[in-house]
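Reader: I am new to this structure and would like a close look at one part of it, the enclosed space inside and what surrounds it. Please take me through it slowly and then place it beside the open spaces.

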Amino acid sequence: MARIVGGLTTSHVPAIGGAIARGLQAEPYWKPFFDGFLPVHQWLDEVKPDVAVVFYNDHGLNFFLDKMPTFAVGAAPEYRNADEGWGIPTSAPFHGQQDLSWHIIEHLVAREFDITTCQEMLVDHAFTLPMKLFWPNGVPVTVVPVCINTVQFPLPSARRCYQLGQAVGEAVRSWDGDRKVVVIGTGGLSHQLDGERAGFINKPFDLKFMESLVDDPEWATQYSIHELVEKTGTQGVELLMWLATRGAVAGRVRKVHTNYHIPISNTAAGMMALEALA
């Protein structure tokens with residue numbers, strides 16, 4: 001059976017791609033952010049996962065406001081990066097783990113999740129940047145993308161996203177493939193890009209949320225979507241992907257490393273690496 005080795009979470013601010021493309025990782029503005037990934041690179045070199053299940057949100061590339069699935073799972077042989085004009089580095093296609101994709105899809109349907117199955121899927125900065133941040137020298141894993149709507153209301157509740165993660169974790173652990181799987185959640189943390197609260201960041205809430213993912217992973221599920229928007233900003237609800245990741249990495253975890261830095265392009269940039277404990 002497959003084994004989940006841990007969970008990784010990170011912000012996916014588009015400006016990160018431009019910084020990577022221009023080699024700005026050591027610049028004072030960027031260095032505290034990029035240095036936060038160095039201990040995680042070492043951990044990944046040690047555990048050597050074979051597959052990454054990635055919870056992320058699409059930004060109008062596959063789904064727009066006229067057609068917005070709540071949950072969508074990729075089942076494609078490969079996933080190509082479609083540059084959005086933000087200076088994202090060109091990426092080689094990501095290789096899909098199709099048998100695991102279908103296993104997850106079947107399990108989710110059996111668990112009464114109504115999902116969209118995508119046998120063709122492009123990926124944007126929410127997917128490509130985290131993969132580049134965690135594996136800067138080339139991505140050695142096959143992938144299963146799981147897209148969560150954080151764009152068009154109504155959004156799935158925090159509790160439902162946590163439950164989605166739990167169901168995905170169940171599916172992975174029941175998969176016959178003898179592989180090591182890492183779960184990745186991308187987005188956030190607190191930020192708002194427009195409106196009267198543009199530039200809003202809530203550091204105390206962000207830090208409390210990150211702390212809760214270690215020992216009290218359901219803490220944030222007490223809040224409604226509207227309450228989370230109030231506390232984190234319109235785009236801060238991307239923390240739903242972090243919750244889904246922690247739901248998949250069930251049980252006790254060890255905190256490998258965390259990093260929190262503000263601001264990166266008016267966003268609270270967070271990163272966590274949690275190792276699953278037997």
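Author: This is a predicted model, and a good place to begin is strand 1, which is mostly covered, with seven of its eight residues buried. Strand 1 has a partner in strand 9 (residues 180-186), to which seven bridges join it, and these two strands run parallel. Within that pairing, Thr9 has Gly185 of strand 9 as its bridge partner. Strand 1 is also joined to strand 11, this time by five bridges and with the strands running antiparallel; here the bridge partner of Thr10 is Met271.

From these strands one can turn to the enclosed space. Rolling a probe the size of a water molecule over the atoms shows where empty space is left. The structure holds one cavity of 30 Å³ or more, and about 60 Å³ of space lies in the largest cavity. Its lining is made up of Gly7, Leu8, Thr9, Leu213, Trp242, Thr245, Arg246, Val249, Met272 and Leu274. Strand 1 (3-10), helix 9 (239-248) and strand 11 (269-276) are the elements that give two or more residues to this lining. By character, the lining of the largest cavity divides into six nonpolar residues, three polar ones and one that is charged. Thr9 therefore has two roles to keep in view, since this residue belongs to the cavity lining and is also the bridge partner of Gly185.

Leu213, another residue of the cavity lining, leads to helix 7, where it is listed among the buried residues together with Phe205, Asp206, Phe209, Met210, Ser212 and Val214. The buried residues of helix 7 pack against helix 8 (225-232), helix 9, strand 10 (253-261) and strand 11, and two of these neighbours, helix 9 and strand 11, are among the elements that give two or more residues to the lining of the largest cavity. As for the length of helix 7 (residues 203-215), its 13 residues at 1.5 Å a residue should span 18 Å, and because its end C-alpha atoms are 19 Å apart, the model agrees with that expectation.

The open spaces can now be set beside the cavity. About 470 Å³ of space lies in the largest pocket, which is lined by 22 residues, the closest to its centre being His59, His191, Leu193, Gln235 and Glu238. The lining of the largest pocket divides into nine nonpolar, eleven polar and two charged residues.

The second largest pocket has a volume of about 220 Å³. Of the 14 residues that line this second pocket, Ser91, Ala92, Phe94, Gly138 and Val139 lie nearest its centre. Strand 5 (94-95) and helix 5 (125-134) each supply at least two residues of its lining, and helix 5 provides the largest share, three residues. Eight nonpolar residues, five polar ones and one charged residue make up the lining of the second largest pocket.

Helix 5 also marks one end of a loop that deserves a last look, for Pro136 is found in the loop between helix 5 and strand 8 (142-148). Pro136 counts as partly exposed because its relative accessibility is 36%, a value that lies between the 20% under which a residue is buried and the 50% over which a residue is exposed. Finally, Pro136 and Ala19 are 117 residues apart in sequence, while their C-alpha atoms are 13 Å apart in space.

Key
Residues numbered from 1 in each chain as written. Predicted model: local features only at pLDDT ≥ 70, side-chain atom pairs only at ≥ 80, totals over all residues. Heavy atoms only, no water. 1 Å grid on protein atoms, 1.4 Å probe; cavity = no way out; pocket = protein on both sides within 12 Å on 5 of 7 lines; lining within 4 Å. Points joined across faces, edges and corners; volume = space filled by probe spheres on them. Helix = DSSP H or I, 4+ residues; strand = E, 2+ residues; numbered from the N terminus. Nonpolar A, V, L, I, M, F, W, Y, C, P; charged D, E, K, R; others polar. Buried < 20%, exposed > 50% of the residue type's maximum accessible area, 1.4 Å probe, protein only. Expected span 1.5 Å × (residues − 1). Contact = heavy atoms within 4.5 Å.
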